[in-house]
Amino acid sequence: MVHDDTLIGAGFADPVFQSQGAFRALLAALSEPGLACDIGISVEAPAGLEPATAVALLTLADYETPIWLPAALRDGPVGAWLRFHCGAALVDDPARAAFAVIDGVATEPKLAAFNAGDDQFPDRSTTVLVQCGGLAGGEAVTLEGPGIPGQRVVAPTGLRAGFWAEVEDNAALYPLGVDLLLVQGAQVLGLPRSTQIVETR
């Protein structure tokens, strides 16, 4: 069967160069938690994926990295786009996912449903991309931990009630736990499992 890339939507125009640039941006987001980073690359993302989510998955996912998506995305153009460009398996069990995309306001799945790794392989946990309404203007939350000089305040919007309590519970599992990337538009904000919430107001 011949795939028509014009129907599916283009991926990277220059895969090696663009994936390297995107990887550096994602690494910067996770190494400096709470600082929004521009992914710096544009692709023709299908409806339902934020541009930075699409770039992150193109960069990180391949046929060896199962992806969990909400059913509406998995069974539609997003699923087809990821299968075509990444060759990734799409799974319906959150605990099997290497990468996952969730809607920040959706009540399920909880962060605890994803793979937190184990004592032998803590690095095999799920990286969860949380598509939210914005990376500023919401409830202020104070963070501290590796990569944060002192403390840092973040205030994303479009997150479900109880989300920050889930993040606290996830951090308590360290060195296990999922790593989070909050995404809106072309920007990402990293919340690795090592980041602690010290104050909410």
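Colleagues, the structure holds two aromatic pairs, and I should like to begin there. Please keep in mind throughout that this is a predicted model.

In one of these pairs, Trp68 and Phe114 meet edge-to-face, with 5.9 Å from centre to centre and 75° between the planes. What does this pair tie together? Trp68 belongs to strand S2, residues 67-68, while Phe114 sits in the loop between S4 and strand S5 (127-131), so the contact joins parts that are 46 residues apart in sequence. Both Trp68 and Phe114 are buried.

Phe163 and Trp164 form an aromatic pair too, again edge-to-face, with 5.2 Å between centres and 80° between planes. Are these two residues buried or exposed? Phe163 has a relative accessible area of 1% and is therefore buried. Trp164 is at 6% relative accessibility, so Trp164 also counts as buried.

One further ring deserves mention. Arg124 lies over the face of Phe121, and the distance to the ring centre is 3.6 Å.

Let me step back to the chain as a whole. The protein chain has six helices and 10 strands. Of its 201 residues, 48% are buried. If we consider the contacts with a separation of 6 or more, 67% of them are between residues 24 or more positions apart. The chain exposes about 9,400 Å², and carbon and sulfur atoms supply 54% of that area.

I turn now to the nonpolar interior. The largest nonpolar core has 31 residues, and Ile39, Ile67, Leu69, Leu82 and Val188 are those with the most contacts inside it. Which elements supply at least two residues each? They are helix H2 (15-31), helix H3 (51-60), helix H5 (77-86), strand S4 (99-103) and S8. Of the contributors to this core, H3 gives the most, namely six residues.

Leu82 offers a useful view of how this core is put together. Setting aside neighbours within four places in sequence, Leu82 is in contact with Leu57, Ile67, Leu69, Gly87 and Ala88. Two of these partners, Ile67 and Leu69, are also among the residues with the most contacts inside the core. Apart from this core lies another, of 25 residues, which includes Phe114, Cys132, Leu143 and Leu159. Phe114 is the residue we met earlier, as the partner of Trp68 in an aromatic pair.

Two residues can be placed relative to helices H3 and H5. Ala61 is found in the loop between H3 and S2. With a relative accessibility of 8%, Ala61 counts as buried. Which residues does Ala61 touch, once those up to four places away in sequence are left out? They are Ala56, Ile67, Cys86 and Phe99. Ile67 thus appears in the contacts of Ala61 and in those of Leu82. Between Ala61 and Leu82 themselves, the C-alpha to C-alpha distance is 8.8 Å, across 21 residues of sequence.

The other residue is His85, which is located in helix H5. His85 has a relative accessible area of 26% and is therefore partly exposed. Its C-alpha atom is 7.1 Å from that of Leu58, and the two residues are 27 residues apart along the chain.

I close with the charged side chains. How many salt bridges does the model contain? The count comes to three.

Arg193 forms a salt bridge with Asp179, and the closest N and O atoms are 3.0 Å apart. This pair links distant parts of the chain, with Arg193 in the loop between strand S9 (187-191) and strand S10 (196-200) and Asp179 in strand S8 (residues 179-184), 14 residues apart. Arg193 and Asp179 are both buried.

In another salt bridge, the side chains of Arg160 and Glu166 meet at 2.8 Å, N to O. Arg160 is at 7% relative accessibility and so counts as buried. Glu166, with a relative accessible area of 12%, is buried as well.

Finally, Arg74 forms a salt bridge with Asp75, where the closest N and O atoms are 3.9 Å apart. The limit for a salt bridge is 4 Å, so this pair is counted. Are its two members buried or exposed? Arg74 counts as buried, because its relative accessibility is 18% and the cut-off for buried is under 20%. Asp75, in contrast, counts as exposed, with a relative accessibility of 62%.

How values were computed:
Residues are numbered from 1 along each chain as its sequence is written. This is a predicted model: local features need pLDDT of at least 70, side-chain atom pairs count only at pLDDT 80 or more; totals for chains, interfaces and linings use all residues. Side-chain values use heavy atoms; hydrogens and water are left out. Buried means under 20% relative accessible area, exposed over 50%, partly exposed in between (1.4 Å probe, protein chains only). Helices (H or I, at least four residues) and strands (E, at least two) are DSSP runs, numbered from the N terminus. A nonpolar core is a set of buried Ala, Val, Leu, Ile, Met, Phe, Trp, Tyr and Cys residues joined through side-chain atoms within 4.5 Å. Contact means heavy atoms within 4.5 Å. Accessible areas come from the Shrake-Rupley method with a 1.4 Å probe; for residues, only the protein chains shown count as cover. Rings of Phe, Tyr and Trp (its six-membered ring) pair if their centres lie within 6.5 Å; planes under 30 degrees apart count as stacked, over 60 as edge-to-face and the rest as tilted. A charge sits over a ring if NZ of Lys or CZ of Arg is within 6 Å of the ring centre and within 35 degrees of the ring normal.
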